[in-house]
Each structure stands twice: as structure tokens, then as C-alpha cells.
Amino acid sequence: MLARSPLVFRLALGPELHLWAKAGRTPVLWWRDDDAREPTPALERLLDLSRRHDAPLTVAAVAGPNLASLVRRCQDQPDIEIAVHGFQHVNRQPEGQGFGEIIDSDSVDWVLAQLRATVTRFHDAGATPTLFVPPWNNLKPQLITALSDTPIRAVSGFAQGVSEADGVSRLDAHLDVLRWKGGARFRGTWRFLARMRKLLAQRRVTGQWGQPIGLLTHHLDHDEDAWRFLDSFLGAFRVEARRCLQLQTLAEPTALCA
Ligand SMILES: [Zn+2]
């Protein structure tokens, strides 16, 4: 799998992937990119990466004034899925309590009304999304409850390891190409690959071979190092389409669809 990859890939992941190969397994990867609002040069660069590497991509989009042109651009290219990235991507958390669009005092009814209005905006723009990606990966219980009354079938947050069951279909991202503290910048090749090795080992040890590992990108925030690394990474690993990952509550193992 890594035969033609940079040496650092082989050093960081070779021994772990050897164990996977001995068991006849291949890691299941998918790719989510956040914060798209409109076609931009950075979005073109992202779509170009997806096309060149034949890598399906889920674009988590914010419903703004240019949503329809974003949807049209993404639909021009095969294997691009549009997901809903929040209602307006506005932080409503009280000062000093992190970031999130849904706060503890919000009712399920209020969340449901926001969800329905947002999904309608996507439908009006020509997209029929089935995945919701809360901004800042803020998965509140009210959101999970409200989702069952909408066309959204799954949520995606950010997990440190194998995700916990929470009663809805969930497909998380795990590997952020950026680090954020002190300003967005490339995480660093070794840090990224070390985390990937850990995620692979967790799945191997627990027998959850098919549990997807989510690559997370934010095309508007990439520096050149992040773009370059992504190019190498997507050259080394095959990425599955999110819609082809069989979504189940995570009490059960996840498997690939045909
Ligand atoms: Zn976001």
C-alpha cells in the first residue's frame, strides 16, 4: 500500500499496516471538508485534489447567500457529497465555554425548527443532504433528538478514538490535517501519521477493522504544507465515499456497502 509513498509514511505506518495486511484487512477511510460557503480558488484546489486522486469527498457546507452556486459547482464533479454544516455557523456559547451553535438551554423544538429551515434552504439550492455536521463538532443531545424528525440520517463529529454509540447513525472525523491553537496551520507529517497509527492500532486490537477513519480538512485554512501533505496522503491511501459506508448506530460494527 505504501510502496511508492514518502519514506516517512513507511516509517510511521509500515509496521502497523503490515499487521493489517497479515490479517487480510485494509483501513476504511473517508474524507470530510468543512466550512464551504461558495466557490473559491481554494475550493477549486480541493476539488482538483479529489478529482486527481479519485477520492470521494463530503463537503460540509454553510447555508449562505451563495449556497446554490456552491451546490452547482460541487454537482459538476462526480463523488462530491454536500452535507449540512450547522444552521448559520454562529457561535452561541457563553464567553469562555467553548464553541457551539446549540447551547444547553435550547429546546428540542427550537433545534428542530432550525434544522428544518436549514434543510429547506439546501433543498431550494438543489441539494438533498442526509448528513449533518455541527460546527465545532458540538453534538448536543437536543440535536440528536431532533434529527429523527428530519431527512438527515447521520451526524458527524470529531472523535478521539472509535466512536461511542449515541442512538443515531454517526460517522466521525478523526484526523485533522490542521492544528488550530495559535492560528490554523498544518499539523505536521509525523504528528498526523502518529495519530493515524494509533487509530489503526485501536481498530486492530478491538477487532473493529471496518470502523471508518475520517480525514478532516478545512480548505479555506490550509497553508501550502497542508496542501502538499494532502496530495501525498491521498496518493498513498484509497478513500471511500461517505454514502457508501453503511451507516448504523455504532453499537454495531460498520461495514462497506456493495
Ligand atoms: Zn465549521
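# A tour from two cysteines to the zinc site

Select Cys74 and Cys244 to begin: the sulfur of Cys74 lies 18 Å from that of Cys244, which holds the closest cysteine sulfur, and this is too far for a bond. In keeping with that, a search of the whole structure finds zero disulfides, a disulfide being a pair of cysteine sulfur atoms within 2.5 Å. Cys74 counts as buried because its relative accessibility is 1%, whereas Cys244, at 30%, counts as partly exposed; here buried means under 20% relative accessible area, exposed means over 50%, and partly exposed covers what is in between, with a 1.4 Å probe and protein chains only.

Before going on, note that this is a predicted model, in which local features need pLDDT of at least 70 and side-chain atom pairs count only at pLDDT 80 or more, while totals for chains, interfaces and linings use all residues. Residues are numbered from 1 along each chain as its sequence is written, and side-chain values use heavy atoms, with hydrogens and water left out.

## The whole chain

Now show the whole protein as a cartoon, in which seven helices and 10 strands can be traced; helices (H or I, at least four residues) and strands (E, at least two) are DSSP runs numbered from the N terminus. Taken along the principal axes, the C-alpha atoms fill a box of roughly 50 × 40 × 40 Å. The radius of gyration of the protein is 18 Å, which agrees with the value near 18 Å that a compact globule of 258 residues would have, where the radius is taken over C-alpha atoms and the globule rule is 2.2 Å times the number of residues to the power 0.38. Colouring by accessibility would bring out that buried residues make up 51% of the 258 residues.

## Strands β1, β2 and β3

Next, select residues 57-61, which form strand β2, where five of the five residues are buried. Leu57, Val59 and Ala61 point one way from β2, while Thr58 and Ala60 point the other way. In a regular strand the side chains alternate between the two faces of the sheet.

Add strand β1, and β1 and β2 are found to pair in the parallel sense over four bridges, with Asp34 standing opposite Ala60 in β2; two strands count as paired if DSSP finds at least two bridges between them. Between these strands the chain passes through helix α2 (residues 41-52), and this β-α-β crossover is right-handed, meaning that with the strands pointing away from the viewer the path from the first strand over the helix to the second runs clockwise.

Then add β3, which pairs with β2 in the parallel sense over five bridges. To follow the pairing residue by residue, find Ile80 in β3 as the bridge partner of Leu57, and Glu81 in β3 as the partner of Thr58. Like β2, strand β3 is mostly covered, since five of its five residues are buried. Ile80, Ile82 and Val84 point one way from β3, and Glu81 and Ala83 the other way. With helix α3 (residues 67-75) included, β2, α3 and β3 make a right-handed β-α-β unit.

## The zinc ion

Which residues coordinate the zinc ion? Centre the view on the ion and select Asp35 (OD), His85 (NE2) and His89 (NE2), which coordinate the zinc ion at 2.1 Å; donors are N, O and S atoms within 2.8 Å of the metal (3.2 Å for Na, K and Ca), and water is not among the atoms, so sites may look incomplete. Asp35 is in strand β1 (residues 29-36) and His89 in the loop between β3 (80-84) and α4 (108-124), so that this pair, 54 residues apart, links distant parts of the chain.

Stay with Asp35, which is buried with a relative accessible area of 17%, and which has a positive phi of about 85 degrees although it is not a glycine. Most residues other than glycine have a negative phi, and most peptide bonds are trans. Trp136, in the loop between β4 (131-132) and α5 (141-147), also has a positive phi, near 60 degrees, and at 35% relative accessibility it counts as partly exposed.

## Phe233

Finally, select Phe233 in helix α7 (residues 224-236), which counts as buried at 1% relative accessibility. Leaving aside neighbours within four places in sequence, Phe233 is in contact (heavy atoms within 4.5 Å) with Phe9, Leu29, Phe192, Met196 and Leu215. Although Phe9 and Phe233 are 224 residues apart along the chain, their C-alpha atoms are separated by 8.6 Å. Across the protein, residues 24 or more positions apart account for 69% of the contacts with a separation of 6 or more.
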